[in-house]
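User: I am new to this structure and would like a close look at a single part of it. Please choose a sheet, follow its strands and turns with care, and then show me where it belongs in the whole.

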Amino acid sequence: MADPAIAIVGAGPAGIRAAEALSRHGLSAILVDEAPKGGGQIYRQPPDSFQGPASSRYGFEARKASALHLTIKRLATAIDYRPSTLAWNVCNGRLDTLCAGRGESVVFDILVIATGAMDRMLPLPGWTLPGVYALGGAQIALKYQGCAIGQNTVFLGTGPLLYLVAYQYAKAGAKIEAVLDVNPAHAKRRALFALASSPRTLAKGIYYRASLGTHGIAVEEGVTPMGIAGTDEVRDVHYRRGSVDKSVRCDAVGLGFGLKSETQDGESTVSGVYLAGDGAGIGGADAAELWGERVGLSIAARCGRRHDASRIAKIDRRLARLARFRAGLERAFPLPLLGSTLPDDTILCRCESIRVGQVKDAIRAFDVVEMNRMKAISRVGMGRCQGRMCGHAAAELLAAETRQDLAAVGRLRGQPPIKPLPMPWPGTP
Ligand SMILES: Cc1cc2nc3c(=O)[nH]c(=O)nc-3n(C[C@H](O)[C@H](O)[C@H](O)COP(=O)(O)OP(=O)(O)OC[C@H]3O[C@@H](n4cnc5c(N)ncnc54)[C@H](O)[C@@H]3O)c2cc1C
């Protein structure tokens, strides 16, 4: 029997390790990624003209980054690796892709989705002002182009990336006005036991936090963001700490509240479709590499190759330990619930410029209780990001307005193209 056609979307730690495990077992795959070079978010590679030592870009993870980059370079000759290729639709064993303006359909028997994560954004008054960047976007500017998002930057939100990006900016010499964390210090202390399950990662986190202090950067925890002010650009961030209203002047804001999957181990509920890495559930880069390899091994076994039971057991043990660490992070940096507390004139859906008050009116006028109905009535989530930015906040608002659990309001159904495409494509009439 011929080997199955295998396609992998995403050449980050998960996708690369899945392709490598398959290749080790004599199975080839088509690996597509919209980025021009492999590595994913954490080990993103700069353009050739920006080369420099990996240590300055990837810090403590330089060795892992180099190992992964070497793997994708080696694999590129052994498999069908397609960089700069966007996957925009999956349907009936067919993956639709676009590369340099040319559309192509890849037919597959087995699909691995390793598309990673994105910033979890929550709307605030002023969050759509020029100068407000997602934390990940702020990091990409530094990692990919070697530039900062502003002259005087405030980092606002929560999660490990808040401290990591602030540390990276400070280390690169950028001026940071303040780091404002919506979660209080005691949440982190309570999570210490779980976080100690991965002592090296915990130590790095403590180091990043302490190093902000040694750079003289103000870090305030347990703040309530009130809004970002400015007319054509960012001017101040307003927030409350305890009963005191405060503000800090700045020209750029890095904003983010943790990560969310772009979309658990192994096969999904659709036969032949596997999920790996942060796209399946946020676990971090080390877990993504392990998940990718685990999926590759599962597929190899399914194709009749040697069942590597001891390696699988080792991966599962390490994933279980990393899951305990992840649970600690969720305790230390819980997502704040905004519910109906946002002012009515705050933009909720930035693609369609729809404000909180308009959505509340639509919910009441049409007795909306479910997310896709809400989309049809209010257009929230109907724009180019398809709710990837506003979906969570919109669901929270609907749940709060209709006094339902968050899970009960459902989630927005994605429609192809899953990411924006240039139209018309070159060559179309
Ligand atoms: C912006 C950002 C910055 C981060 N920075 C750090 C950090 O500094 N340190 C850290 O420990 N963790 C960081 N993380 C978390 C880290 O990215 C992950 O834990 C790790 O990279 C997950 O690996 P992965 O292979 O699952 O996904 P990723 O590394 O995200 O790789 C997914 C790949 O899929 C590709 N892709 C997605 N959708 C499509 C599509 N439709 N078509 C084609 N290709 C597609 C992407 O281009 C990407 O290369 C960051 C996350 C984000 C979102």
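Analyst: A definition comes first: two strands count as paired if DSSP finds at least two bridges between them. The model is a predicted one, and the part chosen here is an open sheet of 3 strands, in the order β13-β14-β15, whose pairing is antiparallel. Its edge strands are β13, residues 224–229, and β15, residues 244–249, each of which pairs on one side only. From one strand to the next the twist averages 20 degrees.

Starting at β13, this strand pairs with β14 in the antiparallel sense over 5 bridges, and one place to look for this pairing is Pro 225, whose bridge partner in β14 is Tyr 239. The hairpin of β13 and β14 has 6 residues between the strands, and in this hairpin Gly 230 takes a positive phi near 155 degrees.

Moving on, β14 covers residues 236–241 and is joined to β15 by 6 bridges, the two strands running antiparallel. Two positions show how the residues face each other across this pair: Arg 240 stands opposite Asp 245 in β15, while Arg 241 stands opposite Val 244 in β15. The hairpin of β14 and β15 has 2 residues between the strands, and here Gly 242 is the residue that takes a positive phi, near 65 degrees.

A second open sheet makes a useful comparison, for it has 5 strands in the order β9-β16-β10-β11-β12, and its pairing is parallel. At its edges stand β9 (132–134) and β12 (219–221), each with a single partner strand, so one side of each is left without a neighbour in the sheet. Neighbouring strands of this sheet are turned against each other by 20 degrees on average, when direction is ignored. At one edge, 3 bridges join β9 to β16, residues 252–257, in a parallel run, and among the positions involved is Tyr 133, whose bridge partner in β16 is Gly 254. Helix α5, residues 160–171, lies across β10 (153–158), β11 (176–181) and β16, and runs at about 170 degrees to β11.

To place these strands in the whole, the domain assignment can be used, which gives domain 1 (6–118 + 260–305), domain 2 (121–257) and domain 3 (347–409). Domain 2 and domain 3 have C-alpha centres 27 Å apart, and 4 residues of domain 2 are in contact with 6 residues of domain 3. On the side of domain 2 that touches domain 3, there are 3 nonpolar residues, 1 polar residue and no charged ones.

Domain 2 also has a part in the surroundings of the ligand: both domain 1 and domain 2 give residues to the shell around the ligand, so the ligand lies between them. Of the 36 residues around the ligand, Gly 12, Gly 40, Gly 116, Gly 136 and Gly 277 come nearest. The elements that give two or more residues to this shell include α1 (13–24) and α4 (135–145). By type, the residues of the shell divide into 18 nonpolar, 12 polar and 6 charged.

Taken as a whole, the protein chain has 13 helices and 21 strands, and its C-alpha trace spans about 70 × 55 × 45 Å along its principal axes. A compact globule of 429 residues would have a radius of gyration near 22 Å, and the 22 Å of the protein chain agrees with this.

Methods
Residues numbered from 1 in each chain as written. Predicted model: local features only at pLDDT ≥ 70, side-chain atom pairs only at ≥ 80, totals over all residues. Near = placed C-beta within 6 Å. Helix = DSSP H or I, 4+ residues; strand = E, 2+ residues; numbered from the N terminus. Nonpolar A, V, L, I, M, F, W, Y, C, P; charged D, E, K, R; others polar. Domains from an automatic or database assignment. Axes fitted to C-alpha atoms, helices over the stretch in contact; angles between N-to-C directions. Contact = placed C-beta atoms within 7 Å. Rg over C-alpha atoms; globule rule 2.2 N^0.38 Å.
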